[in-house]
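Here is a set of exercises to work through with the structure open beside you. Try each task before reading its solution.

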Amino acid sequence: MSQDKIITIERHIIEGERAHPGASGSFSGLLRDLTLAFKLIWREVSKAGLVDILGTLGRENIHGDDVKKLDIFAHETIYKAMDHGGHLCVMASEENEDVLSIPDHYPTGKYVLIYDPLDGSSNIDANITIGTIFSLYRRITPSGPGSIDDCLQPGYKQIAAGYAMYGSSTMIVYTTGDGVHGFTLDPGIGEFLLSHENIRIPKKGKIYSVNEGNYHRWSEGMKKYIQYLCEEDPSTDRPYSARYVGSLVGDIQRTLLYGGIFMYPADIKHPGGKLRLMYEGNPMAMLIEQAGGRASDGVTRILDIQPKSLHERTPLFLGSGEDVMTAEQFLQGKREL
Ligand code: AHM
Ligand code: MG
């Protein structure tokens, strides 16, 4: 995609906020702080292959510092980048059981940050794409320290969501409810530049993405849907191609750009699904919907689910509208082969 202007993410954020008269600038400040955290994480992730040379977990690196596991480093980096800006009243991280409070000596603000610091971290050692996923809400408690009630909001109340993807290029993809935009890091200048403006997901794709190793644990409806996708019928682009990175950011990035469907269904081992509603489901569902796609748990729109706990899980079907609707029909027993 070629742009006729060079636009940094910082400028894009500020211009987006200018479109809302009366905005205080706090929201832009918040996104700017997050961008800095992503750069710090990218710097560490890009050194991951050097870990055996520079030192591994439990040992010291050449500077005499402890080397932290990357997912813990990412968790702490985001917290430290965001705790003192005065924009947030509370945070929640996939790496932490309870909510993360803002220290007493810092001011609190009107926003809530939910994040998965390093998703797909089992892929690190193979140098495969991993990412940070985030979601922002307005607080619902009136003032003072935020609480779990501020976090447990349904996904349709998100005011922004996105991810940073540390892959062959490092990207930030985000939405504030006004389309989905992608920025690619130019490592030479340390800036994220607009590279994918207003991403639109194709109405229907030709790719399905699921961990098929779980096939024998699936429901009959799910098995039939996969059989349907693998049948020969060129008039409906079948058989579909299978692609599965096993890193949600990588699989969603491809789904946003090429269309098709990403699935993590319920199965015998994961009766409620494996992926987390607040940290993975809601932000990805907002991005997919903002790009014109569909996001459901097979029956219910992901963004309409009222979360009951911070780490609850959900089955996930995300992607092109037509593909997700076909999956829902099979899952609900409304369609047969
Ligand atoms: P994590 O939060 O422990 O990193 O797990 C989440 C990851 C996702 O990135 C990916 O979509 C999924 O787990 C893959 O799971 P599986 O290995 O069961 O297919
Ligand atoms: Mg995760």
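## Exercise 1: The ligand site

A polar side-chain atom of lysine 274 lies 2.8 Å from an oxygen atom of ligand 1. Bear in mind that this is a predicted model.

**Task.** Find out which backbone atoms also approach an oxygen atom of ligand 1, starting with glycine 120 and leucine 248.

**Solution.**
- Step 1. Begin with the surroundings: ligand 1 has 15 residues around it, and the closest are Asp119, Gly120, Tyr244, Leu248 and Tyr264.
- Step 2. Look at glycine 120, where a backbone N or O atom is 2.8 Å from an oxygen atom of ligand 1.
- Step 3. Move to leucine 248, which places a backbone N or O atom 2.7 Å from an oxygen atom of ligand 1.

## Exercise 2: Strand E6 and its partners

**Task.** Decide whether the residues of strand E6 (residues 170–175) are buried or exposed, then work out how E6 pairs with E5 and with E7.

**Solution.**
- Step 1. Check burial residue by residue: 6 of the 6 residues of E6 are buried, so the strand is largely enclosed by the rest of the structure.
- Step 2. Sort the side chains by direction. Thr170, Ile172 and Tyr174 point one way, while Met171, Val173 and Thr175 point the other way, and all are buried.
- Step 3. Turn to strand E5 (residues 160–166), which runs antiparallel to E6 and is joined to it by 6 bridges. Alanine 164 sits opposite isoleucine 172 in E6. The two strands make a hairpin, with 3 residues between them.
- Step 4. Go on to strand E7 (residues 180–186), whose pairing with E6 is antiparallel, over 5 bridges. Here threonine 175 faces valine 180 in E7. E6 and E7 also form a hairpin, with 4 residues between them, and glycine 177 in the turn has a positive phi of about 90 degrees.

## Exercise 3: An open sheet and its helices

**Task.** Trace the order of the 5 strands in the open sheet, and explain why strands E10 and E12 each have one side without a neighbour in it.

**Solution.**
- Step 1. Follow the strands across: the order is E10-E9-E11-E13-E12, and the pairing is mixed.
- Step 2. Look at the edges. Strand E10 (241–242) and strand E12 (294–296) each have a single partner strand, so one side of each is left without a neighbour in the sheet.
- Step 3. Take one pair inside that order: strand E9 (residues 207–209) and strand E11 (residues 261–264) are parallel, with 2 bridges. Tyrosine 208 is opposite isoleucine 261 in E11.
- Step 4. Add the helices. Helix H7 (residues 248–258) lies across E9, E11 and strand E13 (316–319), at about 150 degrees to E11. Helix H8 (residues 277–290) also packs on the sheet, where it touches E12 and E13, and its direction makes about 25 degrees with that of E13.

## Exercise 4: A polar residue in H8

**Task.** Is asparagine 282 buried or exposed, and which residues does it touch?

**Solution.**
- Step 1. Locate asparagine 282 in helix H8.
- Step 2. Apply the cut-off: buried means under 20% relative accessible area. Asparagine 282 has 0% relative accessibility, so it counts as buried.
- Step 3. List its contacts. Leaving out residues up to four places away in sequence, asparagine 282 touches Tyr137, Gln153, Gly155, Gln158, Leu277, Ile302 and Leu303.

## Exercise 5: Unusual backbone angles

**Task.** Where do asparagine 127, asparagine 198 and proline 239 lie, and what is notable about the backbone there?

**Solution.**
- Step 1. Recall the background: most residues other than glycine have a negative phi, and most peptide bonds are trans.
- Step 2. Asparagine 127 has a positive phi of about 60 degrees. It belongs to the loop between strand E3 (111–119) and strand E4 (130–138). With 74% relative accessibility, asparagine 127 counts as exposed.
- Step 3. Asparagine 198 has a positive phi of about 50 degrees and is in the loop between strand E8 (191–196) and E9. At 40% relative accessibility, asparagine 198 counts as partly exposed.
- Step 4. Finish with proline 239, which is joined to arginine 238 by a cis peptide bond with omega of about 5 degrees. Proline 239 is in the loop between helix H6 (220–230) and E10.

Note on methods:
Residues are numbered from 1 along each chain as its sequence is written. Chains are lettered from A and ligands numbered from 1 in the order in which they are written. This is a predicted model: local features need pLDDT of at least 70, side-chain atom pairs count only at pLDDT 80 or more; totals for chains, interfaces and linings use all residues. Side-chain values use heavy atoms; hydrogens and water are left out. Two strands pair if DSSP finds at least two bridges between them. Contact means heavy atoms within 4.5 Å. Axes are lines fitted to C-alpha atoms, for helices over the stretch in contact, and angles run from 0 to 180 degrees between N-to-C directions. A residue is near a molecule or strand if one of its heavy atoms lies within 4 Å of it. A polar contact is a pair of N or O atoms within 3.5 Å; within protein, one must be able to donate a hydrogen and the other to accept it, and residues adjacent in sequence count only if both atoms are side-chain atoms. Buried means under 20% relative accessible area, exposed over 50%, partly exposed in between (1.4 Å probe, protein chains only).
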